Structure formats: C-alpha cells, structure tokens
Amino acid sequence: MFLIEVLGLLIKHIVLAVRLFANMFAGHVVLAVILGFILLTYKSAFFYLVMPASIAGVVFLSLLELFVAFLQAYIFTFLSALFIGAAVHPH
C-alpha cells in the first residue's frame with residue numbers, strides 16, 4: 001500500500017510538471033510562428049505591413065506568456081504543497 005501511495009504522489013507531480021512544460025512550450029511555438037510570418041513575406045510588398053505587426057504581436061504575446069508561466073508555476077507549487085501536505089497528514 002505504501003508503494004501505491006508514493007507512486008500516486010510522484011505521478012501527480014510528474015503530471016503537473018508536464019502541464020507546466022506544455023504551456024510554456026506552446027507559447028514559444030506561437031511566438032516562432034508569428035516571427036515566421038516575417039520570413040514568409042520577406043520578398044513581397046506586404047513585408048513592411050507584416051513586420052511591425054508581427055513584432056508588436058510577439059512583444060504582447062511574450063508578456064502574456066510570461067504571465068501564464070508565472071501563474072502555472074504558482075499553481076504547480078501550490079498543488080504540490082497541497083498534495084504533499086495531504087500525503088503526510090495523519091488521518
């Protein structure tokens with residue numbers, strides 16, 4: 001029974017870490033795609049319209065991604081403390 005409890009606690013933390021990583025990775029992929037728009041329009045007439053819009057979008061989304069990363073890290077820490085507290089609390 002002890003092994004199942006320890007495994008359950010470890011799995012909860014692994015799932016939280018994967019969730020944090022996936023959110024941060026998805027934000028970076030979105031930023032890369034938006035910056036890729038600049039490369040797609042490099043030799044066209046739309047380059048001077050797309051470039052400032054893409055850079056402004058990347059700056060805005062970087063700030064949003066920073067907020068989401070801190071929020072996810074806070075949730076990860078809070079839930080980890082909650083799970084550990086529930087695991088060591090005598091019933």
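The following exercises, each with a worked solution, concern a predicted model.

**Exercise 1. Overall form**

Determine how many helices and strands the protein has, and compare its radius of gyration with that of a compact globule of 91 residues.

*Solution.* Begin with the secondary structure, which consists of two helices and zero strands. Helix α1 covers residues 2-40, and helix α2 covers residues 47-88. Next, take the radius of gyration, which is 20 Å for the protein, whereas a compact globule of 91 residues would have a value near 12 Å. The box filled by the C-alpha atoms, taken along the principal axes, is roughly 70 × 20 × 10 Å. Finally, turn to burial: of the 91 residues, 16% count as buried.

**Exercise 2. Separation along the chain and in space**

For the pairs Val6 and Ala87, Ser54 and Phe37, and Val33 and His89, set the separation in sequence beside the C-alpha distance.

*Solution.* Start with Val6, a residue of helix α1 that is partly exposed at a relative accessible area of 33%. Val6 and Ala87 are 81 residues apart along the chain, yet their C-alpha atoms are separated by 8.7 Å. Continue with Ser54, which belongs to helix α2 and is buried, its relative accessible area being 5%. The C-alpha atoms of Ser54 and Phe37 are 7.2 Å apart, with a sequence separation of 17 residues. End with Val33, which is located in helix α1 and counts as partly exposed at 45% relative accessibility. Between Val33 and His89 the sequence separation is 56 residues, and the distance from C-alpha to C-alpha is 47 Å.

**Exercise 3. Classifying aromatic pairs**

Classify the geometry of the ring pair Tyr42 and Phe47 and that of the ring pair Tyr74 and Phe78, and describe the exposure of each partner.

*Solution.* A pair of aromatic rings is described by the distance of the centres and the angle of the planes. The structure holds four aromatic pairs. One of them joins Tyr42 and Phe47, whose ring centres are 5.8 Å apart and whose planes stand at 90°, so this pair is edge-to-face. Tyr42 is exposed, with a relative accessible area of 53%, whereas Phe47 counts as buried at 12% relative accessibility. For Tyr74 and Phe78 the centres are 6.3 Å apart and the planes lie at 20°; because planes under 30 degrees apart count as stacked, this pair is stacked. Both Tyr74 and Phe78 belong to helix α2, where they are four residues apart, about one turn of the helix. Tyr74 counts as exposed at 54% relative accessibility, while Phe78 counts as partly exposed at 46%. As a last step, place the first pair in its wider setting: Tyr42 and Phe47 form one aromatic cluster together with Tyr48.

**Exercise 4. A surface patch and a charge over a ring**

Identify the residues of the nonpolar surface patch, and find the ring over which the charged end of Lys12 sits.

*Solution.* The patch is formed by Phe60, Leu64, Phe67, Val68, Leu71, Tyr74, Phe78 and Leu82, which together have about 820 Å² of accessible area. Among these residues, Phe60 is in helix α2 and is exposed, with a relative accessible area of 56%. Tyr74 and Phe78, the stacked pair of the previous exercise, are also among the members of the patch. For the second part, the ring in question is that of Phe83, and the charged end of Lys12 lies 4.7 Å from its centre.

Note on methods: Residues numbered from 1 in each chain as written. Predicted model: local features only at pLDDT ≥ 70, side-chain atom pairs only at ≥ 80, totals over all residues. Heavy atoms only, no water. Phe/Tyr/Trp six-rings, centres within 6.5 Å; stacked < 30°, edge-to-face > 60°. Buried < 20%, exposed > 50% of the residue type's maximum accessible area, 1.4 Å probe, protein only. Lys NZ or Arg CZ within 6 Å of the ring centre and 35° of its normal. Patch = residues over 30% accessible without salt bridge, like charges linked within 9 Å, V, L, I, M, F, W, Y side chains within 5 Å. Areas by Shrake-Rupley, 256 points an atom, 1.4 Å probe, with all protein chains shown as cover. Salt bridge = Lys/Arg side-chain N within 4 Å of Asp/Glu carboxyl O. Rg over C-alpha atoms; globule rule 2.2 N^0.38 Å.
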